[in-house]
Amino acid sequence: MNGDSLALSGGTVYTLAGSPTEEPTADGIVFRDGRVADLAGGTAERTIDLEGRTVLPGFVDAHAHLPWVGIALHETDLSAADDREEALAALAENAADTAAGDWVLGFGYDESTWPAGQDDPLTRGELDGVSETHPIAAKRVDGHAVSLNATGLERVDLDGVDDDVRREGGEATGVVVEDAVIRVTEATYPDRGKARTVLEKGARRAAELGITTVYDMAGMATPNEPGDPFHAALFSAWREDALPVRVGYYVHIDRGDALADLEIASGFGDDRLSILGLKVFSDGSIGAQSAKLDGEFADDPGNDGQFVIDRDRLREAFAAAARANQSIATHAIGTEAIEVVLDAYEEVLPAYETDDPRLRIEHAELATDDQIERMAELDVIASMQPNFLQWSAPGGLYEARLGERWRRENNRLRRMHEAGVRLALGSDTMPFGPLYGIHHAVNAPHDAQRLSVGEALRAYTRGGAYAGFADERGSLEPGKLADAVVLDRDPFEHPEEIDEIEVVATVVGGEIVYEAPDPGLETTG
Ligand SMILES: [Zn+2]
């Protein structure tokens, strides 16, 4: 018995036990041996004076992509470049730090914001000037075009996608679009070493944001080689105890057969890494005009979006998951897609041995009243991203894409909650960060979208814990895992500025895994 203990005292601890109408609080909390030992008092080896700060259960991001977070941190962010010289200089800096022959990647350049006369995409010639020994790929902000240098063009298999390779006078300009972009994504898929590096960077970022559990939704393109470097990285990081936060993992449907063959039931693993089930896509997105609607896009008449999987494949995958008692997380944004997924869930539910397989719909942005009722009846979890409400304001992207009605009726968190649908909130890493999402849930433009602070916090902690079979997480009650976040301000007292609240410290299993450098924590005794 090592008796490891930590006390936080002199602040406000919201346990998030019980219901928001009671909102139980304490002045302090003691963690011992990785669990909550006591509320309000008790001695510990280390005592931290909260100086009036706020403690909450650690956030559970129920839908994220750690590799994307890590890659954005690891590679070059071009979104802030004010002109092409700045973008090229940033790539040159990356190249100086990268072994010859390895990819140099940049993300998010937007030439439309560059000075007039300079507002063309980056060219092969310019990127050759950065390096000829590294392959270079710089992706545009919309993700639909990539600029490559000559070495990069040689490294990507562009067979059969010639139409998407831009040319001038027969010569490739370096710019490729659409299907050729997918080839670039495949060619630049990280190897095991880089996958491990970006995974750890993503997990450290999670800790900085107050996240103590994150579910990774396996959203990257399928790698070219056998195996998946991210699977290898997850398991090697787990073996070496290198992940500062707890991770749950949903396996992509392309690998679902392997998961089903092994009969790995949801929740397999330990409290640091667990396999949670199957990830399936059913449609596209609102931004890309590919969500499967029951009408047409307001700004693209005749287009009602698309299914990305056929019904037989969906049923077959669900049946295999049910045989092995695996949860399923299906991406469904448009009304038509949600309908098809609910039908298939209803059909497969009796095949589960367990009576709570915790089936989820990811996003469920355009669910109708009837569909919300059905989700409640079938006990299907709504895994939603309140940060998407950033596009729901009058005159915003959703109004442009969907028109007036759906501007009001997308992402109806309150409607879901009142109908009795379990909510598990997450970020989908757009951007990563629970406080930003909670801010949007609490300050959403329409009543049917808006949650109270207590409801939003529960959905971003307990809701996610439930979805991931992690019943020992999500609230600060004696015996539960010692996962908590210390905030510089109380979100209940500052509901209009939750997005400005800073994370002061993050505790996982009773250990401080992140501490803000300034003003930092005062240890006493
Ligand atoms: Zn996602």
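The side chain of Arg-246 reaches the backbone oxygen of Asp-271 at 3.1 Å. I start with this contact, and I should say at once that the model is a predicted one. Arg-246 itself has its place in strand β14, which covers residues 246-252. Is Arg-246 buried or exposed? With a relative accessible area of 2%, Arg-246 is buried. Its surroundings can be listed, leaving out residues up to four places away in sequence. Arg-246 then touches Thr-212, Thr-213 and Val-214, together with Asp-271 and Arg-272. The list continues with Arg-473, Leu-481, Asp-483, Val-508 and Gly-509. Asp-271 thus appears both as a residue touched by Arg-246 and as the owner of the backbone oxygen that the arginine side chain reaches.

I turn next to the metal. Which residues coordinate the zinc ion? They are His-63 and His-65, each through NE2, and Asp-428 through OD, at 2.1 to 2.2 Å. In sequence, the spacing of these donor residues is H-x1-H-x362-D. The two histidines are set one residue apart in that pattern, and 362 positions lie between the second histidine and the aspartate. As for accessibility, His-63 is buried at 1% relative accessible area, and His-65 is buried at 4%. Both values fall under the 20% limit that defines a buried residue.

The aromatic residues bring us to a neighbouring stretch of the sequence. A search of the whole structure finds eight aromatic pairs. One of them is formed by Phe-59 and Tyr-460, in an edge-to-face arrangement, with 6.1 Å from centre to centre and 75° between the planes. What does this pair tie together? Phe-59 lies in strand β6, residues 59-64, while Tyr-460 lies in the loop between α16 (453-459) and α17 (462-467), so the pair joins parts that are 401 residues apart in sequence. Phe-59 and Tyr-460 are both buried.

Another pair is that of Trp-391 and Tyr-398, which is tilted, at 6.0 Å centre to centre and with 45° between the planes. Here the two partners differ in accessibility: Trp-391 is partly exposed at 25%, whereas Tyr-398 is buried at 2%. Ring pairs also bring in Phe-388, so that Phe-388, Trp-391 and Tyr-398 are linked into a cluster.

Phe-59 returns when we consider the nonpolar core. The largest such core holds 88 residues, and those touching the most other members are Phe-59, Ile-361, Met-416 and Phe-432. Which helix supplies the largest share of this core? It is helix α10, residues 335-348, with eight residues. Met-416 gives a view of the packing around one of these members. Apart from neighbours within four places in sequence, Met-416 is in contact with Ala-364, Ala-367, Ile-372 and Met-375, and also with Ala-382, Met-384, Val-421 and Leu-423. There is a second, separate core of 18 residues, and Leu-6, Ile-48, Leu-50 and Ala-484 are among its members.

Finally, I come to the charged residues. How many salt bridges does a search of the whole structure find? The search finds 41, and I shall describe three examples.

In the first example, the side chains of Arg-196 and Glu-200 meet at 2.4 Å, N to O. These two residues are four apart in helix α6, residues 192-208, and therefore about one helical turn separates them. Arg-196 is buried, with a relative accessible area of 17%, and Glu-200 is buried with a value of 17%.

In the second example, Glu-316 forms a salt bridge with Arg-313, with 3.5 Å between the closest N and O atoms. Both belong to helix α9, residues 311-323, where they are three residues apart, so they too are separated by about one helical turn. Arg-313 counts as partly exposed, at 24% relative accessibility.

In the third example, the side chains of Arg-450 and Asp-447 meet at 2.9 Å, N to O. Arg-450 is partly exposed, at 27%, and Asp-447 counts as exposed, at 55%. To return to the first example, salt bridges with shared partners join Arg-196, Glu-200, Arg-204 and Glu-240 into one network.

Definitions and conventions
Residues are numbered from 1 along each chain as its sequence is written. This is a predicted model: local features need pLDDT of at least 70, side-chain atom pairs count only at pLDDT 80 or more; totals for chains, interfaces and linings use all residues. Side-chain values use heavy atoms; hydrogens and water are left out. Donors are N, O and S atoms within 2.8 Å of the metal (3.2 Å for Na, K and Ca); water is not among the atoms, so sites may look incomplete. Buried means under 20% relative accessible area, exposed over 50%, partly exposed in between (1.4 Å probe, protein chains only). A salt bridge is a side-chain nitrogen of Lys or Arg within 4 Å of a carboxyl oxygen of Asp or Glu. A nonpolar core is a set of buried Ala, Val, Leu, Ile, Met, Phe, Trp, Tyr and Cys residues joined through side-chain atoms within 4.5 Å. Contact means heavy atoms within 4.5 Å. A polar contact is a pair of N or O atoms within 3.5 Å; within protein, one must be able to donate a hydrogen and the other to accept it, and residues adjacent in sequence count only if both atoms are side-chain atoms. Rings of Phe, Tyr and Trp (its six-membered ring) pair if their centres lie within 6.5 Å; planes under 30 degrees apart count as stacked, over 60 as edge-to-face and the rest as tilted.
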